[in-house]
Amino acid sequence: MELPLPPSLPAAAAVLALALPGLAALLLVLICMIAHVTARKMPTFHRHEKEKFFVNAEGRKESVPSIHDPPTRELSVVVPSYNEEDRLPLMMDEALDYLEKRQKRDPSFTYEVIVVDDGSKDETTKVAMKYCKKCGSDKVRVLTLVKNRGKGGAVRMGVFSSRGKKILMVDADGATKFADIEKVEEGLKNLQPWPNEMAISCGSRAHLEKDSVAKRSYFRTILMYGFHFLVWFLCVKKIRDTQCGFKLLTREAALRTFSTLHIERWAFDVELLYIAQRLRIPIAEVAVNWTEIEGSKLVPFWSWLQMGRDLLFIRLRYMTGAWQLETRKCN
């Protein structure tokens with residue numbers, strides 16, 4: 001008995017070419033279904049009982065304020081910190097020196113610095129409390145989270161506990177020159193009039209891209225360009241550097257965006273700006289001075305892989321309606 005001859009290679013290729021679009025469409029539908037089914041309708045925000053208080057300079061517990069309260073300071077500086085006992089002092093010294101000098105020049109300028117210890121395993125809280133005792137808890141407050149939430153989760157906790165008319169998020173490593181706050185303030189001012197009192201000004205390192213490429217390995221450069229392409233293609237079109245940790249928001253913009261935020265780890269900046277775009281909040285991008293500081297918590301390959309997944313899910317979950325631009329009460 002003779003066996004049938006296998007199809008010729010050209011015929012097999014033709015069949016495969018016809019099948020590929022259908023398979024790709026099926027895969028996309030499957031990914032959309034997974035993104036939709038696994039999504040929480042609204043981000044869960046729970047403040048542990050111990051996180052409802054901060055310890056003042058005298059060692060007594062005080063209730064944290066709420067972003068829903070009227071502002072009582074001109075500026076709140078939120079510093080997310082995870083295992084930052086070594087890098088935090090340099091940033092705090094620079095920031096407080098600038099803020100104190102500014103207040104002496106302009107007594108009407110009031111501020112607070114909120115250090116959010118994101119479940120650190122080192123002495124981050126102890127280091128931050130030294131500044132609280134030195135400057136007073138009206139100017140420096142330390143929120144210690146019971147467990148690690150991720151950078152986005154830590155920033156949100158600080159934002160929800162702030163008293164400022166404007167809120168600046170800044171990295172604990174001090175990579176951005178703190179005096180450049182004046183540049184992002186100018187960017188915010190240039191966006192006026194602010195619709196519904198909402199506006200965001202982002203510090204940017206995009207002007208330093210050529211120098212950074214020269215210093216990075218070929219592999220990390222590919223990852224960087226791949227991430228930037230995904231951000232542009234899936235989420236944020238007009239901001240070249242979404243990941244710089246130096247962002248200034250009006251109080252109302254912070255309330256609306258962080259109340260809707262779902263992502264709590266590295267890609268939270270992208271969702272924050274995606275939400276702002278969808279809400280038509282004006283956004284400025286301003287060049288700032290930036291220096292790479294050793295000790296980054298970002299693990300190149302796995303962190304970029306996680307961020308790539310998050311970018312895809314941001315787009316698909318909002319597109320399919322799994323995530324909505326809702327505002328929830330933040331207790």
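Visitor: Let me start with one side chain. Which residues does Gln243 touch, not counting residues up to four places away in sequence?

Guide: Gln243 touches Arg205, Phe227, Trp266, Asp269, Val270 and Met307, with residues up to four places away in sequence left out. Contact here means heavy atoms within 4.5 Å. One word on the source: this is a predicted model, in which local features need pLDDT of at least 70 and side-chain atom pairs count only at pLDDT 80 or more, while totals for chains, interfaces and linings use all residues. Residues are numbered from 1 along each chain as its sequence is written, and side-chain values use heavy atoms, with hydrogens and water left out.

Visitor: Where is Gln243 placed, and is Gln243 buried or exposed?

Guide: Gln243 sits in the loop between helix 7 (218–235) and strand 8. Helices (H or I, at least four residues) and strands (E, at least two) are DSSP runs, numbered from the N terminus. Buried means under 20% relative accessible area, exposed over 50%, and partly exposed in between, with a 1.4 Å probe and protein chains only. Gln243 counts as buried because its relative accessibility is 19%.

Visitor: Moving into strand 8, what does Thr250 touch, leaving out residues up to four places away in sequence?

Guide: Thr250 belongs to strand 8 (residues 247–250), and the residues in contact with Thr250 are Lys165, Leu188, Trp194, Glu197, Met198 and Ala199, by that same sequence cut. A polar contact is a pair of N or O atoms within 3.5 Å; within protein, one must be able to donate a hydrogen and the other to accept it, and residues adjacent in sequence count only if both atoms are side-chain atoms. Here a polar atom of the Thr250 side chain lies 2.8 Å from the backbone oxygen of Glu197. Thr250 is buried because its relative accessibility is 3%.

Visitor: How should I read the sheet, and what is its strand order?

Guide: Strands of a sheet pair through backbone hydrogen bonds, either parallel or antiparallel. As counted here, two strands pair if DSSP finds at least two bridges between them. This structure has an open sheet of seven strands in the order 5-4-3-6-8-7-9, and the pairing is mixed. Strand 5 (140–144) and strand 9 (283–287) are at the edges; each has a single partner strand, so one side of each has no neighbour in the sheet. On average, neighbouring strands of this sheet are turned by 20° against each other, direction ignored. Axes are lines fitted to C-alpha atoms, for helices over the stretch in contact, and angles run from 0 to 180 degrees between N-to-C directions.

Visitor: How many bridges join strand 4 to strand 5, and which strands does helix 3 lie across?

Guide: Strand 4 (residues 111–117) and strand 5 run parallel and are joined by five bridges. Val115 stands opposite Val142 of strand 5. Helix 3 (residues 124–135) lies across strand 3 (73–81), strand 4 and strand 5, at about 155° to strand 5. Helix 4 (residues 151–160) also packs on the sheet, touching strand 3, strand 4, strand 5 and strand 6 (164–169), and its direction makes about 155° with that of strand 3.

Visitor: Now the charged pairs. How many salt bridges does a search of the whole structure find?

Guide: A salt bridge is a side-chain nitrogen of Lys or Arg within 4 Å of a carboxyl oxygen of Asp or Glu. The search finds 17 salt bridges in the whole structure. Among them, Glu84 and Arg87 meet at 2.9 Å, N to O, and both Glu84 and Arg87 are buried. Another joins Lys183 and Asp180 at 3.6 Å, N to O. Lys183 is partly exposed because its relative accessibility is 36%, whereas Asp180, at 5%, is buried. Asp310 bridges to Arg309, with the closest N and O atoms 3.0 Å apart. Asp310 is buried at 7% relative accessible area, and Arg309 is partly exposed at 44%. Shared partners also join Arg73, Glu112, Asp138 and Arg163 into one network of salt bridges.

Visitor: How many disulfides are counted, and why does Cys244 form no bond with Cys202?

Guide: A disulfide is a covalent bond between the sulfur atoms of two cysteines. The rule asks for a pair of cysteine sulfur atoms within 2.5 Å, and the count comes to zero. For Cys244, the closest cysteine sulfur is in Cys202, and a bond is ruled out because the sulfurs are 8.4 Å apart, which is too far. Cys244 is buried, with a relative accessible area of 1%.
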